[in-house]
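Let's take a friendly walk through this model, beginning where the ligand sits and then moving out to the sheets. Please have the sequence and the 3D view open as you read.

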Amino acid sequence: MNRFSGTLHLAGDDGFEEACLGRVFNARRPSDRLPAAVLEARTEDDVVEGVRLALERGWQVAVRSGGHSWAAWSVRADALLIDLGGFRELAYDPTTELVTATPSVKGGDELNPYLGGFGRFFNGGHCPSVGIGGFLLQGGQGWNARGWGWAAENIVAVDVVTADGELVRADEERNSDLFWAARGAGPGFFGVVTRFHLRTRPLPGHLAHTVHAYPVELFDEVMTWLHGMHHTVSELVEIVALTQTPPGADAPVLLVTGVSMTDTPEQAAQALAPLHANPYAEQALLRIEARPTTLAEQLANQRTANPEGHRYLVDNAWLTGPAERVVPAIREAFTGHPTPGTFTIWFSMAPLRELPDMAFSLQSEIYCATYVVHDDPARDKELRAWLDSAMAAMQPVTVGQYLGDSDFTVRQLRFMGDAQWRRLQEIRADRDPEGLFAGYLSAGAVTNTNHWES
Ligand SMILES: Cc1cc2nc3c(=O)[nH]c(=O)nc-3n(C[C@H](O)[C@H](O)[C@H](O)COP(=O)(O)OP(=O)(O)OC[C@H]3O[C@@H](n4cnc5c(N)ncnc54)[C@H](O)[C@@H]3O)c2cc1C
């Protein structure tokens, strides 16, 4: 008897490879580690039955929500891949202002348009198609993370199918160890989250944005200035500097951008004004200042910057130190792009906010990530070598990495505090002693250490 309302694909079945890889965002897909089977789950019961099937068959369990892991973490050899893509449910409760959403719901494409109808907002991922599942489990650097904090801080409860095949609720009181781990363990989490219960916030009344475009020759000057002032800007402004090659152009430009999340145009003008006082503003190629924008416009920009169907090589670092050390260390990543689609972001988290007690526990004032975008499989190795060397230049000012843009099969950096890492291992040993869940994908043992320090 079929025990699933969804579909179980076994290796060798028609369409098996498509079920394994078809929903992986990155076109650089790992066909060398296909799972034993894929369960396209439609309900919570499917997930429970899927975990029980894996226990019976001696498979590990891997999970996919939105499929946006750059490193395709959901594709694991000898595992049952539980794909939650067909299990999409959303419910907002106006009395508690909480929204309950299944993990494959897309933050920008689905959750926020739905919440907007109630005048509410959730700080989901920047690119609208990112699934909330993987995003929230690793912390979630959502809209205005600088001022509003990590998206995972807004999780009030999770429903989880555990390694025993039981569905449980985890929050501050019940199964609090699982609740603690679900906010930062990322792909090392030992359970399948079937629902998130999330705190929402009021939809900002007025969104505005500032964009200054500079020639990359001014990189050192502009970034040194930004480095010295970003911590003074209102916490209602998301500040991102990036280099990218605009459509139709033949060379990258440096964009210094601010998006303000205020309620009125006057508040927006005031919040963004410090970014307009850039001493190099007269040399800007383009200046947009405090122009009204919409969430839809911002999300469309993100979609354009992260086009689907391409090969991505991605790496990142949390940076710290004075401008005279940080700016030269990041120069190659920003100015030496090996393909026209490549872009590098500098994301302000300053002044740093204190984090609640949760597994997510490593950050610094500046987040830096490079996305090498291309289409030629023959260039993967050469482009990865460029990325490795650009990231190596940052080592002297690197404190660690963010799971969301990392790939442990290439290099390992710290991604948690030491105490949190120890606690996570203790909880895992207790909750999943047999290692049912596939856990971190890496070339060797995961040590939470910067590779040049181990
Ligand atoms: C275009 C693009 C833009 C991005 N923008 C941002 C951004 O703005 N901010 C940011 O923080 N990150 C961003 N990311 C990174 C993204 O958040 C992570 O890759 C995240 O893991 C994606 O979640 P997912 O559910 O779509 O991924 P998936 O590939 O489906 O999941 C990744 C892994 O998370 C675990 N997992 C997922 N769901 C569950 C579950 N229900 N239960 C248990 N484990 C689960 C599994 O180990 C799984 O393999 C972006 C990625 C892309 C491709």
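## The ligand and its contacts

A good place to begin is Ser-65, where an N or O atom of the side chain lies 2.7 Å from a nitrogen atom of the ligand. This counts as a polar contact, meaning a pair of N or O atoms within 3.5 Å; within protein, one must be able to donate a hydrogen and the other to accept it, and residues adjacent in sequence count only if both atoms are side-chain atoms. The backbone takes part too: a polar backbone atom of Ser-69 is 3.0 Å from a ligand oxygen, and a polar backbone atom of Ser-74 is 3.2 Å from an oxygen atom of the ligand. On its own the ligand would expose 950 Å², and the protein buries 95% of that (accessible areas by the Shrake-Rupley method with a 1.4 Å probe; for residues, only the protein chains shown count as cover).

Before going on, please note that this is a predicted model, in which local features need pLDDT of at least 70 and side-chain atom pairs count only at pLDDT 80 or more, while totals for chains, interfaces and linings use all residues. Residues are numbered from 1 along each chain as its sequence is written, and side-chain values use heavy atoms, leaving out hydrogens and water.

## The shell around the ligand

Which residues come nearest to the ligand? Of the 32 around it, they are Ser-65, Gly-67, His-126, Gln-141 and Tyr-402 (near means that a heavy atom of the residue lies within 4 Å). By class, the shell has 14 nonpolar, 17 polar and one charged residues. Here Ala, Val, Leu, Ile, Met, Phe, Trp, Tyr, Cys and Pro count as nonpolar, Asp, Glu, Lys and Arg as charged, and the others, Gly among them, as polar.

Strand S3 (60–64), helix H4 (132–137) and strand S10 (192–199) each supply at least two shell residues, and H4 gives the most, with four. Helices (H or I, at least four residues) and strands (E, at least two) are DSSP runs, numbered from the N terminus.

## The eight-stranded sheet

Eight strands form an open, antiparallel sheet in the order S15-S12-S14-S13-S17-S18-S16-S19, where pairing requires at least two DSSP bridges. S15 (286–293) and S19 (398–400) stand at the edges with a single partner each, so one side of each has no neighbour in the sheet. Neighbouring strands are turned by 25° against each other on average, direction ignored (axes are lines fitted to C-alpha atoms, for helices over the stretch in contact, and angles run from 0 to 180 degrees between N-to-C directions).

Within this sheet, six bridges join S17 (343–348) to S18 (366–374) in the antiparallel sense, and Thr-344 stands opposite Thr-370 in S18. Helix H9 (295–305) packs on the sheet, touching S12, S13, S14, S15 and S17, at about 130° to S15; contact means heavy atoms within 4.5 Å. Helix H11 (380–394) lies across S16, S18 and S19, running at about 5° to S16. In the loop between S17 and S18 you will find Pro-351, and the peptide bond from Ala-350 to Pro-351 is cis, with omega near -5°.

## The four-stranded sheet

S3 also belongs to an open sheet of mixed pairing, ordered S1-S2-S4-S3. S1 (7–10) and S3 are its edges, each with a single partner, so each has one side without a neighbour in the sheet. S2 (37–40) and S4 (79–83) run parallel over four bridges, with Leu-39 opposite Ile-82 in S4. Helix H2 (44–57) touches S1, S2, S3 and S4, at about 175° to S4.
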